[in-house]
Amino acid sequence: MKIAVNGIPESPKEINFSERMDELNRIFGEGKARDFRFPPSLDGSFVCYRSGKDIFFQGSFEGMVEGNCSRCLKSYSFSIAKNFDFVLTHEPLPAKSKGLNLEDMGLSFYSGEEINLSPLIQEQVLLALPTRPLCDERCLGICGGCGANLSSETCLCDSSPGDSRMAFFRNLRLDR
Ligand SMILES: [Zn+2]
Ligand SMILES: [Zn+2]
């Protein structure tokens, strides 16, 4: 998503966007992190306006993402939605920024006639993802012994008296 700097007025203007997710799908598809798959694009809108050399953006997006549960490994879909809010400042002249790393100070810049919002929107999409994909908070995962999906299947492992986990349950019953 690119926007022309001279098209941004001083009074707020609303813009709808549809951000392509190819780049994020490529990164997640290639890397070790295969936990999320994005739709071809995510839809959203923002309001932007200019104040001096600063450009303000406030918006939101939503969409469905597919994840692989980190406990049971099944794929599942979930919705993400996020509000975002950022300010871009015109890149200062090199002389002014001497000795200061302004990006480290948390400032974002634009330069030239056009602003590429894609990296900023993609960053917001990453922030909207859960730290760990779970099909359900209560997902019980897979039994390490028999491979049963413990949320929907019965564990087929032998529950012999020597099994310490079963001993725990027997003790529970005795306490009652
Ligand atoms: Zn799961
Ligand atoms: Zn089992």
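The legends below describe close-up views of a predicted model of one protein chain with two zinc ions.

**Figure 1. Overall fold of the protein chain.** The protein chain contains three helices and eight strands. Along the sequence these elements run in the order β-β-α-β-β-β-β-β-β-α-α. Of the 176 residues in the protein chain, 29% are buried. Among contacts with a separation of 6 or more, 60% are between residues 24 or more positions apart.

**Figure 2. Site of the zinc ion (ligand 1).** Four cysteine sulfur atoms coordinate the zinc ion (ligand 1): Cys 69 (SG), Cys 72 (SG), Cys 135 (SG) and Cys 139 (SG). Their distances to the metal are 2.3 to 2.4 Å. The angles among the four donor atoms are 106 to 112°, and the site is tetrahedral. In sequence, the donor residues have the spacing C-x2-C-x62-C-x3-C. The pair Cys 69 and Cys 135 links distant parts of the chain, 66 residues apart. Cys 69 sits in the loop between β5 (54-68) and β6 (75-90), and Cys 135 in the loop between α2 and α3 (164-175).

**Figure 3. Accessibility of donors at the zinc ion (ligand 1).** This view keeps the site of the preceding figure and turns to solvent accessibility. Cys 69 has a relative accessibility of 1% and counts as buried. Cys 139 is also buried, with a relative accessible area of 5%. Cys 135 is partly exposed, because its relative accessibility of 32% falls between the limits of 20% and 50%.

**Figure 4. Site of the zinc ion (ligand 2).** The protein donors of the zinc ion (ligand 2) are the SG atoms of Cys 143, Cys 146, Cys 155 and Cys 157. These donors lie 2.3 to 2.4 Å from the ion. The arrangement is tetrahedral because the four donor atoms subtend angles of 99 to 116°. Along the chain the donors follow the spacing C-x2-C-x8-C-x1-C. Cys 146 is partly exposed at a relative accessible area of 32%, and Cys 155 is partly exposed at 33% relative accessibility. The count of disulfides comes to zero, a disulfide being a pair of cysteine sulfur atoms within 2.5 Å.

**Figure 5. Surroundings of Gln 124.** Gln 124 is located in helix α2 (residues 118-128). Its relative accessibility is 11%, so Gln 124 counts as buried. The side chain of Gln 124 is in polar contact with the side chain of Lys 82, at 2.9 Å. With neighbours within four places in sequence left aside, the residues in contact with Gln 124 are Phe 61, Lys 82, Asn 83, Phe 84 and Phe 86.

**Figure 6. Salt bridges of helix α1.** Side chains of opposite charge can pair when their charged atoms come close. The whole structure has five salt bridges. One of them joins the side chains of Glu 30 and Arg 26, with an N to O distance of 3.3 Å. Glu 30 and Arg 26 are separated by about one helical turn, because they are four residues apart in helix α1 (residues 22-30). Glu 30 is exposed at 57% relative accessibility, whereas Arg 26 is partly exposed at 41%.

**Figure 7. Salt bridge between Arg 37 and Glu 66.** The closest N and O atoms of Arg 37 and Glu 66 are 2.9 Å apart, and the two residues form a salt bridge. Arg 37 is in strand β3 (residues 36-37) and Glu 66 is in strand β5, so the pair ties together parts that are 29 residues apart in sequence. Arg 37 is partly exposed, with a relative accessible area of 33%. Glu 66 is partly exposed too, with a relative accessible area of 33%. Elsewhere, salt bridges that share partners join Glu 23, Arg 26 and Glu 30 into one network.

**Figure 8. Salt bridge between Arg 20 and Asp 22.** The side chains of Arg 20 and Asp 22 meet in a salt bridge with an N to O distance of 3.2 Å. Arg 20 counts as partly exposed at 48% relative accessibility. Asp 22 also counts as partly exposed, at 42% relative accessibility.

How values were computed:
Residues are numbered from 1 along each chain as its sequence is written. Chains are lettered from A and ligands numbered from 1 in the order in which they are written. This is a predicted model: local features need pLDDT of at least 70, side-chain atom pairs count only at pLDDT 80 or more; totals for chains, interfaces and linings use all residues. Side-chain values use heavy atoms; hydrogens and water are left out. Donors are N, O and S atoms within 2.8 Å of the metal (3.2 Å for Na, K and Ca); water is not among the atoms, so sites may look incomplete. Four donors count as tetrahedral if all angles lie between 85 and 135 degrees; four count as square planar and six as octahedral if opposite donors are over 155 degrees apart and all others between 65 and 115; anything else is irregular. Buried means under 20% relative accessible area, exposed over 50%, partly exposed in between (1.4 Å probe, protein chains only). Helices (H or I, at least four residues) and strands (E, at least two) are DSSP runs, numbered from the N terminus. A polar contact is a pair of N or O atoms within 3.5 Å; within protein, one must be able to donate a hydrogen and the other to accept it, and residues adjacent in sequence count only if both atoms are side-chain atoms. Contact means heavy atoms within 4.5 Å. A salt bridge is a side-chain nitrogen of Lys or Arg within 4 Å of a carboxyl oxygen of Asp or Glu.
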